[in-house]
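Thanks, everyone, for making the time this morning. I would like to walk you through one structure, and I will go slowly, since it is new to most of you.

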Amino acid sequence: MATARKGSVLPIANGNDMKNSNDEPVLIIGGGICGLLAALMFERRGMRSIVYESREDPRIKPWQAGSAFTLGISYRSWVAFERYGILEDIRPHLLPFVGRAVHLPDGTIRRFHVPCSDQTKKLLFFLARELLVKLLLAACESRKIIDIRFNCKLVRIAQSGEITYTDAKGQTRSQMGRFVVGADGAHSKVRESMQFLNFCTIRKAYHEYGYKQINVTPTASGECKFDPSTMLHMYPRSDCLFMFLQNKDQSSCGCCFTTHATFESAKTDEEIIEFWKTRWPDLMTIIPDFLKQWKEAPVTPIAQIQCSQYHFKDKIIILGDAAHAVVPFFGQGANAAAEDVCVLEEFLDQFNGNVQMAFEKMSETRVSSNQALQDMSNSNFDAMKKMSMWPIIKLILEAKLAKVTPTWLFEPLPTIVLYSRTPYDVAEKRAKTQDRVLSALFTGLGIACLAALFKAVCARFPA
Ligand SMILES: Cc1cc2nc3c(=O)[nH]c(=O)nc-3n(C[C@H](O)[C@H](O)[C@H](O)COP(=O)(O)OP(=O)(O)OC[C@H]3O[C@@H](n4cnc5c(N)ncnc54)[C@H](O)[C@@H]3O)c2cc1C
């Protein structure tokens with residue numbers, strides 16, 4: 001478990017945020033991935049923090065199905081883990097992702113090995129979200145100036161920055177801090193309070209698909225029940241999508257995504273069995289308790305958040321899902337949350353610890369970047385839903401092209417998003433330009449081939 005190591009990637013600034021542990025604490029709302037990474041970041045800068053988490057400690061009361069799914073962890077998180085000195089605690093639990101299998105409705109399975117670099121940092125890893133939070137909690141607890149308070153729920157924030165929350169005994173309390181970090185997820189109370197204070201535009205929408213989480217335990221001999229050469233198993237169907245991600249302990253976590261109406265159509269035992277039989281007959285043997293799990297798993301809606309601004313003066317900043325929850329079809333929500341923390345630290349450095357300037361810069365740069373992530377995640381969903389093999393074939397063709405082309409000339413979008421810290425809006429813009437050039441190239445090649453064919457036919461059959 002964690003030791004009190006410090007990350008060593010960035011020098012620590014000598015700015016006016018370099019307070020000692022006796023100073024006012026930063027108040028972090030939400031003890032999820034983003035909030036705990038933020039606490040580690042402030043600790044590295046010598047700033048005391050209090051983390052208020054509305055739930056019970058997950059090491060005492062495990063999360064219910066719906067929030068304990070497996071995450072794809074990529075470079076942006078890796079940078080944060082390394083910088084905040086927790087990579088070595090997390091590394092043993094990471095499963096490198098090397099292949100995916102697409103299970104088509106006719107029973108055919110198409111396997112694709114993932115084109116990836118041999119550099120460890122340029123890999124995608126799978127890790128259970130709950131386990132990651134537990135590892136982060138252990139790391140935070142080993143740092144003396146981080147105070148984590150479970151069962152403490154934020155109620156509101158005043159203009160002065162004072163927070164009101166209910167504690168574990170249900171009593172209402174107030175606390176003043178240096179500033180407030182809203183890392184309280186898609187249904188953020190901090191965001192709600194901030195909206196009244198700075199009149200920013202906030203859009204919250206629910207995606208047409210929600211999901212149910214289904215777990216697959218390993219076999220009695222401890223092996224993965226899916227083909228272990230492919231860690232991601234996708235079952236796209238016309239009205240739903242089932243995806244299973246493998247964990248290091250050989251269990252797998254599945255999420256079935258579909259519309260509310262489709263979930264409603266399978267309620268009785270007979271309807272559920274029929275629903276599964278027609279869509280995923282092979283899964284019935286892999287998950288013998290599917291009926292029980294299906295009935296017990298709640299349907300979780302997927303919220304999408306767009307904010308025109310992420311801060312209020314030098315008093316409040318929102319990060320992670322609180323600022324920009326996205327649909328999970330590019331596997332970047334947690335990675336973007338981890339990156340928010342790194343970027344905030346970089347701006348604190350750049351502005352010599354001036355909190356207001358760092359917050360303003362966050363709003364200025366991260367809003368458009370995260371909006372692009374939202375757009376790319378939605379288009380990935382459309383591609384997956386269409387059940388077409390084209391997106392995967394395109395991925396493979398692009399990876400082959402990338403091998404023979406210099407990076408400055410061509411780089412596939414997933415490579416830019418997963419294995420670099422290129423802002424999402426820059427990545428999206430570059431991918432669009434590349435797509436236009438490639439389409440023009442293929443159209444040109446097609447015309448040239450047709451012309452050559454026409455010429456050959458004319459030569460063979462002269463008039
Ligand atoms: C099905 C699915 C699959 C996903 N797969 C991936 C993936 O492969 N890769 C990836 O990068 N991302 C993925 N994501 C997204 C990822 O889970 C989120 O982006 C990430 O968890 C966001 O972290 P966060 O800390 O900002 O918010 P959260 O994880 O939501 O944490 C917020 C915390 O705040 C607490 N809280 C809420 N309200 C209050 C309050 N009023 N007071 C105090 N505490 C409060 C909550 O209890 C929670 O602990 C997926 C999401 C879903 C739904």
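Let me begin with an open sheet of three strands, which follow one another in the order E3-E7-E4 with antiparallel pairing. Strand E3, residues 70–73, and strand E4, residues 95–96, stand at the edges with a single partner strand each, so one side of each has no neighbour in the sheet. I should say at once that what you are looking at is a predicted model, and please keep that in mind throughout. Between E3 and strand E7, which covers residues 125–128, there are four bridges, and the two strands run antiparallel; if you want a place to find this pairing on the screen, look for Leu-71, whose bridge partner in E7 is Leu-127.

Another set of strands involves E15, residues 232–237, which is joined by three bridges to strand E5, residues 99–103, and here the two run parallel. Val-102 has Met-234 in E15 as its bridge partner. On E15 there is also a pairing with strand E16, residues 240–246, this one antiparallel and made of six bridges, in which His-233 stands opposite Phe-244. E15 and E16 form a hairpin, with two residues between them.

Now to the ligand, which is surrounded by 34 residues, the closest being Gly-30, Gly-32, Gly-185, Gly-320 and Gly-333. Among the elements that each supply at least two residues of this shell are E3, helix H1 and helix H11, and the largest share, four residues, comes from H11. By character, the shell divides into 15 nonpolar, 12 polar and seven charged residues.

H11 comes up again when we turn to the largest nonpolar core, which has 119 residues, with Ile-33, Leu-36 and Val-341 among those that touch the most other members; the largest share of this core, 10 residues, comes from H11. Leaving out residues up to four places away in sequence, Ile-33 touches Leu-132, Val-133, Leu-136, Ala-334, Ala-337 and Ala-338.

Finally, let me turn to Arg-366 in helix H12, which spans residues 355–385. Is Arg-366 buried or exposed? Arg-366 counts as buried because 24 other C-beta atoms lie within 10 Å, where the cut-off is 20 or more. Apart from its neighbours within four places in sequence, Arg-366 is in contact with Tyr-310, Asp-340 and Val-343. The C-alpha atoms of Arg-366 and Tyr-424 are separated by 9.0 Å, although these residues are 58 residues apart along the chain.

Key. Residues numbered from 1 in each chain as written. Predicted model: local features only at pLDDT ≥ 70, side-chain atom pairs only at ≥ 80, totals over all residues. Buried ≥ 20, exposed ≤ 12 C-beta atoms within 10 Å, placed from the backbone. Contact = placed C-beta atoms within 7 Å. Pairing = 2+ DSSP bridges. Near = placed C-beta within 6 Å. Nonpolar A, V, L, I, M, F, W, Y, C, P; charged D, E, K, R; others polar. Core = buried A, V, L, I, M, F, W, Y, C linked by C-beta atoms within 7 Å.
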